[in-house]
Amino acid sequence: MKNLEKIKNFILDILFPIRCLECEIELENAEPKERWICPECLKKIRTRKDQACPVCEQFSEGGKTHYRCEKETALDGLWVATEYKYEVVSEAIHKFKFDFICDICFPLSEILIRSILEVDEYDDFQDLALVNFSQESEEEEIYIEEQKNKKAETIIVPVPLHKKRYNWRGFNQAFLLSEYIARKFKLDICDNLLFRKRNTKPQTTIKSMKERRENIKGAFFISECLDVKKMIKNNNVIIIDDVCTTLATLSECAKELKRVGAKNVWGLVVARR
Ligand SMILES: [Zn+2]
Ligand SMILES: [Zn+2]
């Protein structure tokens, strides 16, 4: 079986060699997921230093929604890992989503993880994301374990895809990213709570902000399952997507999650267009 896999990869390499999207190097001995952006180029992608308010996009400590902007969104904040204007980032996102290359979720989630850990000071978002995670000593781990019962949990919710779109693409890019993040930070994923009702037009095909907001309104619904709802109630949620454009999708998801009792709801995306 292993040999068969090797032969398959060997043939695929010849037919479709994977070159790093940035330096075009072909890493022959690496796993496919490590080849789309080679480790050297991955390290060089800068993460966002200053986060911004999701609504007005002006500076805001740690990406928190300004008090004055709160009426515009149900999101408590948004964490953006890097910049869409970096060509390698936008190209990777595009290949991930539209060329159906699911291996690209690996470098993208590496960027997400690095951006969360690579800050001088931990803010509100880190409090949520790192509630179960520690790079410290074992004592610290025990401390965190003790605190866990007292504190709210943080649940990861991927932005859902409509079934039709899922069948077409074969995977939900937001779910794949969520898996990496959840594994790294020891958080639970809940992907059977929020669903997409209508097969809305892809947001990218609509130009006006107002139309985008209208297009997404009422597009999500919450599962009737009580156990699933219980998972969210009084807990914090991080909604994950690959890119955020107008905030309409994340805001709509946050609104639904708060309806079933989520405490703080934050968005986490690779980049903002
Ligand atoms: Zn490279
Ligand atoms: Zn603002």
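Which loop holds F100? Read on to View 3 for F100, which sits in the loop between α3 (87–98) and α4 (105–117).

This is a predicted model, in which local features need pLDDT of at least 70, side-chain atom pairs count only at pLDDT 80 or more, and totals for chains, interfaces and linings use all residues. Residues are numbered from 1 along each chain as its sequence is written, chains are lettered from A and ligands numbered from 1 in the order in which they are written, and side-chain values use heavy atoms, with hydrogens and water left out.

**View 1. The open sheet of 5 strands, ordered β1-β7-β6-β2-β3.** The pairing here is parallel; two strands pair if DSSP finds at least two bridges between them. Helices (H or I, at least four residues) and strands (E, at least two) are DSSP runs, numbered from the N terminus. β1 (77–83) and β3 (188–189) each have a single partner strand, so one side of each edge strand lacks a neighbour in the sheet. Helix α8 (residues 173–185) lies across β2 (154–158), β3, β6 and β7, and runs at about 130° to β6. For that angle, axes are lines fitted to C-alpha atoms, for helices over the stretch in contact (heavy atoms within 4.5 Å), and angles run from 0 to 180 degrees between N-to-C directions.

**View 2. Strand β7 and its two partners, β1 and β6.** On one side, 7 bridges join β6 (residues 236–244) to β7 (residues 265–272), and C244 has R272 as its bridge partner. With β1, β7 shares 6 bridges, and here G77 is partnered by W266. As for cover, 7 of the 7 residues of β1 are buried (under 20% relative accessible area; exposed is over 50% and partly exposed in between, with a 1.4 Å probe and protein chains only).

**View 3. Two loop residues with positive phi, F100 and K186.** Neither is a glycine: F100 has a phi near 60°, and K186 has one of about 55°. K186 belongs to the loop between α8 and β3. Both are partly exposed, F100 with a relative accessible area of 35% and K186 with 46%.

**View 4. R272, a residue of strand β7.** R272 counts as buried, at 10% relative accessibility. Leaving aside residues up to four places away in sequence, R272 touches several others, among them C53, E57, L78, V80 and Y84. A polar atom of the R272 side chain lies 2.8 Å from the backbone oxygen of P54. R272 also touches L247; these two are 25 residues apart in sequence and 9.2 Å apart in space, C-alpha to C-alpha.

Terms used. Polar contact = N/O pair within 3.5 Å; in protein donor to acceptor, adjacent residues only side chain to side chain.
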